[in-house]
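Q: Please take a close look at one part of this model, the pairing of strands in its open sheet, and then at the salt bridges found in the structure.

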Amino acid sequence: ACRAWINFDGTSASIGTGRANGNVSGVNDNGTGDYTITFATAMPDTNYCVTASTGGNCLGVSGHAPANGHSLATGSMRVTCGTSSANFDPSFVHFAVFR
């Protein structure tokens with residue numbers, strides 16, 4: 001089942017809870033193309049699956065991309081978006097967690 005999802009504008013100065021979401025309390029903009037999505041209700045453990053897209057490129061979900069140096073957490077997830085050469089802030093970020 002989908003445990004959390006959000007559709008947000010990565011170019012916005014104040015992302016908040018995005019255009020629409022389920023089980024997301026907010027998004028923190030950590031820098032260009034780097035976001036932390038906080039769950040309203042935490043996951044039971046870190047054995048979840050994440051999918052993210054931008055309508056273009058998404059480098060990866062940081063917990064599944066060790067080069068980013070981030071780890072999975074039950075209360076939040078970090079996502080990095082961009083191309084192989086640079087991160088960017090996409091207008092549409094779609095993120096979902098399944099477990």
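A: Two strands count as paired if DSSP finds at least two bridges between them. In this predicted model, β5 and β8 are joined by five bridges and run antiparallel. One of the contacts is between Val-50 and Val-97, the latter being the bridge partner in β8.

This pair belongs to an open sheet of four strands, ordered β2-β1-β8-β5, with antiparallel pairing. β5 is an edge strand, as is β2 (20-22), and each of them pairs on one side only. Averaged over neighbouring strands of the sheet, the turn of one against the other is 10°, direction ignored.

The salt bridges come next. The search of the whole structure finds two. In one of them, the side chains of Asp-45 and Arg-99 meet at 2.6 Å, N to O. Asp-45 sits in the loop between β4 and β5 (49-53), and Arg-99 in the segment after β8 (93-98), so this salt bridge ties together parts 54 residues apart in sequence. Asp-45 is partly exposed, at 21% relative accessibility, and Arg-99 is also partly exposed, with a relative accessible area of 37%.

The other salt bridge joins Asp-34 and Arg-78, with 2.7 Å between the closest N and O atoms. Here too distant parts of the chain are linked: Asp-34 is in strand β4 (residues 34-39) and Arg-78 in strand β7 (residues 76-80), 44 residues apart. Asp-34 has a relative accessible area of 12%, and it is classed as buried because that value is under 20%. Arg-78, at 25%, is partly exposed.

Conventions:
Residues are numbered from 1 along each chain as its sequence is written. This is a predicted model: local features need pLDDT of at least 70, side-chain atom pairs count only at pLDDT 80 or more; totals for chains, interfaces and linings use all residues. Side-chain values use heavy atoms; hydrogens and water are left out. A salt bridge is a side-chain nitrogen of Lys or Arg within 4 Å of a carboxyl oxygen of Asp or Glu. Helices (H or I, at least four residues) and strands (E, at least two) are DSSP runs, numbered from the N terminus. Buried means under 20% relative accessible area, exposed over 50%, partly exposed in between (1.4 Å probe, protein chains only). Axes are lines fitted to C-alpha atoms, for helices over the stretch in contact, and angles run from 0 to 180 degrees between N-to-C directions.
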